[in-house]
Amino acid sequence: MCGIVAYTGQDQAAPFLLKGLATLEYRGYDSAGVEVMGADGALHGVKCAGKVKVLVDRCRTANLVGTCGIAHTRWATHGAPTETNAHPHRDCSGRIAVVHNGIVENFRELRAELEARGHAFESETDTEVIAHLVEEAWADAAGDLVAALRVATGHLQGSWAVACICADAPGQVAVARNGSPLVVASAGGAAYAASDITPLASVTSNVITLENGQFALLGPDGTVAVSDEAGAPVDEPSRVTIDWDASAATLGGFADFMAKEIAEQPEAIERLLAQHVGDGGVALDKLRLTNDELAAVDKVYLIACGTSYHVSLIARTMIQTWAKVPVVCDYASEFIYEQDVLVTDNTLCVIISQSGETADTLAAARRIRKMGAKVLAVTNVLGSTAERESDGVLYVQAGPEVCVASTKAYTAQMVACALFALRLAQANGALGLDEVRAHCADLALIPDKIREVLAREEQDRLAANAFREASSSLYLGRGVNSTTAYEGALKIKEISYLHAEAYPAGEMKHGPIALLEKGFPVVVVVPSDSVRDKTVSNIQECLARGASIIAVATDGDEKVAQLAKHVLWIPEMPDEMLVPIVAVVHLQILARYVALARGCDVDKPRNLAKSVTVE
């Protein structure tokens with residue numbers, strides 16, 4: 001949610017700032033703005049409600065000349081998504097401007113105090129108080145912009161990543177981080193800051209990830225000076241090497257990022273398996289738990305939100321089946337407030353977050369870690385908060401995921417959790433080495449199985465016609481594929497705005513069956529597994545009430561072919577526990593075609609954000 005980009009150097013700032021905002025669009029936003037320090041010694045800005053392309057058009061006639069500036073995409077929290085509420089925000093003098101990600105929880109009290117001291121506010125946002133606090137601190141800062149920002153943030157409660165410029169501090173950008181992610185970098189005689197590494201990948205492969213309570217001053221000569229809350233220099237800040245090419249975050253000939261990222265799933269899974277599977281079974285080098293510590297794990301908490309929560313449901317089955325360790329799955333937003341959390345010295349908490357910045361998930365991890373549990377982060381983003389605040393990390397190796405609705409990170413997360421389950425089983429002796437190798441061999445088949453599904457895309461395009469007149473839909477599955485139904489329904493809701501319910505197929509008769517009428521689309525995940533016959537019975541119940549069946553079925557299932565209006569065929573799998581990793585690809589493609597037919601933006605669905613950094 002929200003995005004920050006900052007630049008100072010010898011080149012014009014506006015082109016990089018606008019390009020950087022475009023790379024951050026996946027985070028979700030509803031307004032945008034840019035502020036540049038002009039050669040005339042004044043600040044010049046452009047803001048708009050709406051997309052970055054609108055901002056770019058406005059900037060063409062704004063003549064934003066200057067080599068230092070900040071920019072922002074805002075996801076509305078305090079105040080409507082209007083031009084006035086868009087960042088950057090200025091102080092009373094108009095010579096200080098700030099952009100901010102996060103929430104200032106005590107902004108109302110601060111605003112009242114500032115107004116009582118004569119400050120005038122223009123917006124409804126919590127962010128604007130920061131500009132006025134910097135204004136007051138600047139008067140006593142003796143020209144030290146970081147010192148002024150340090151004093152200003154000392155009044156804040158909540159979370160923030162802030163970038164600040166001042167017309168009286170030419171060429172300088174001061175940044176601060178507490179809770180919300182922020183990275184900085186020096187490259188080619190210029191200095192940069194951004195919400196994550198994506199905008200910086202085109203200029204450098206090495207970035208500094210600021211820790212909570214750290215500040216940085218970016219200088220026009222490309223210097224980056226990091227300091228702590230007390231103002232002491234941080235000589236060895238945390239660094240991350242970007243291990244993917246900047247072109248990975250471009251369309252590369254695809255119509256949209258969702259199509260591109262669906263197509264990238266086989267390669268993402270192959271990278272993950274190549275890194276962690278060998279003759280000795282599964283090796284997780286960043287787990288940072290000894291074999292004895294793993295063997296002693298007697299309970300696992302899986303905590304996540306949204307799509308990642310669906311991963312946890314699959315992971316629960318894998319861990320309990322292979323490692324024989326009991327598992328509790330919980331939504332992070334609910335776990336934060338659970339009263340009876342039972343933790344022992346041998347409890348392990350696994351948090352799953354594509355971005356590694358999901359606020360609810362991080363809050364849940366902090367809580368359970370204080371209770372004594374070890375925390376493992378499964379994430380896709382290098383240097384994320386989840387990785388830095390955990391005892392170990394398992395990177396899913398999916399590469400940058402730009403589309404807001406997760407596809408390749410979802411399947412890669414499932415494979416990563418399968419590897420963790422096998423490593424746990426290997427450590428505690430629930431599986432022997434030969435058994436682990438056999439399961440790894442099954443995992444190695446998945447990329448080519450997904451390629452077969454991708455080659456059958458026409459089946460999904462035709463099945464999308466079943467939703468042409470629909471206002472709602474129902475997704476069903478049994479066993480591990482009830483979760484495939486949940487994820488399929490979530491995808492179609494996220495990007496097509498078509499309502500969808502998802503249930504274990506056996507639960508349909510306990511309420512959802514009342515929805516069914518002639519032509520009502522029902523998507524049923526019915527592979528050739530141990531519960532296939534029961535699921536076929538559910539299909540017949542739907543047909544008896546006039547529903548239109550779209551089935552995800554295993555090649556050669558003639559019975560399902562006779563019952564369904566559309567069949568999305570999947571190749572046979574050696575282990576039914578791995579079917580969800582392949583079957584869900586059809587539901588991703590189907591959701592995309594339904595969304596396109598409804599005229600929706602599949603990459604940037606309304607009201608959603610890629611990185612959900614508010615609770």
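**From helix 9 to the sheet**

In this predicted model, the residue that follows helix 9 is K324, and its phi is positive, near 60°. Helix 9 itself covers residues 306–323, which makes 18 residues. From its first C-alpha to its last it reaches 25 Å, close to the 26 Å expected at 1.5 Å a residue. The helix is mostly covered, with 13 of its 18 residues buried.

The next part to look at is a sheet. Strands of a sheet pair through backbone hydrogen bonds, either parallel or antiparallel. Here the sheet is open and has 8 strands in the order 3-2-4-1-10-9-11-14, with antiparallel pairing. At its edges are strand 3 (43–49) and strand 14 (239–241), each of which pairs on one side only. Neighbouring strands of this sheet are turned against each other by 15° on average, direction ignored.

Two helices can be placed against this sheet. Helix 1 (residues 13–23) packs on it, touching strand 1, strand 2, strand 4 and strand 10. The direction of helix 1 makes about 160° with that of strand 1. Helix 2 (residues 52–60) also packs on the sheet, and touches strand 2, strand 3 and strand 4. Its direction makes about 140° with that of strand 3.

Strand 4 appears in both of these contact lists, and it is worth following in detail. On one side, strand 1 (residues 3–8) is joined to strand 4 by 6 bridges, and the two run antiparallel. Within this pair, A6 stands opposite I70 of strand 4. Strand 2 (residues 31–37) is likewise joined to strand 4 by 6 bridges, again antiparallel. Here V36 is the residue that stands opposite G69.

How many residues of strand 4 are buried? The count is 7 of the 7 in residues 68–74, so the strand is largely enclosed by the rest of the structure. Buried here means under 20% relative accessible area. The residues of strand 4 point in two directions: C68, I70, H72 and R74 one way, and G69, A71 and T73 the other way. Both groups are buried.

Further along the sheet order, strand 10 comes after strand 1, and strand 9 after strand 10. Strand 9 (residues 183–187) and strand 10 (residues 190–194) pair in the antiparallel sense over 5 bridges. In this pair, S186 stands opposite A191 of strand 10.

Key: Residues are numbered from 1 along each chain as its sequence is written. This is a predicted model: local features need pLDDT of at least 70, side-chain atom pairs count only at pLDDT 80 or more; totals for chains, interfaces and linings use all residues. Side-chain values use heavy atoms; hydrogens and water are left out. Buried means under 20% relative accessible area, exposed over 50%, partly exposed in between (1.4 Å probe, protein chains only). Helices (H or I, at least four residues) and strands (E, at least two) are DSSP runs, numbered from the N terminus. Two strands pair if DSSP finds at least two bridges between them. The expected span of a helix is 1.5 Å times one less than its number of residues. Axes are lines fitted to C-alpha atoms, for helices over the stretch in contact, and angles run from 0 to 180 degrees between N-to-C directions. Contact means heavy atoms within 4.5 Å.
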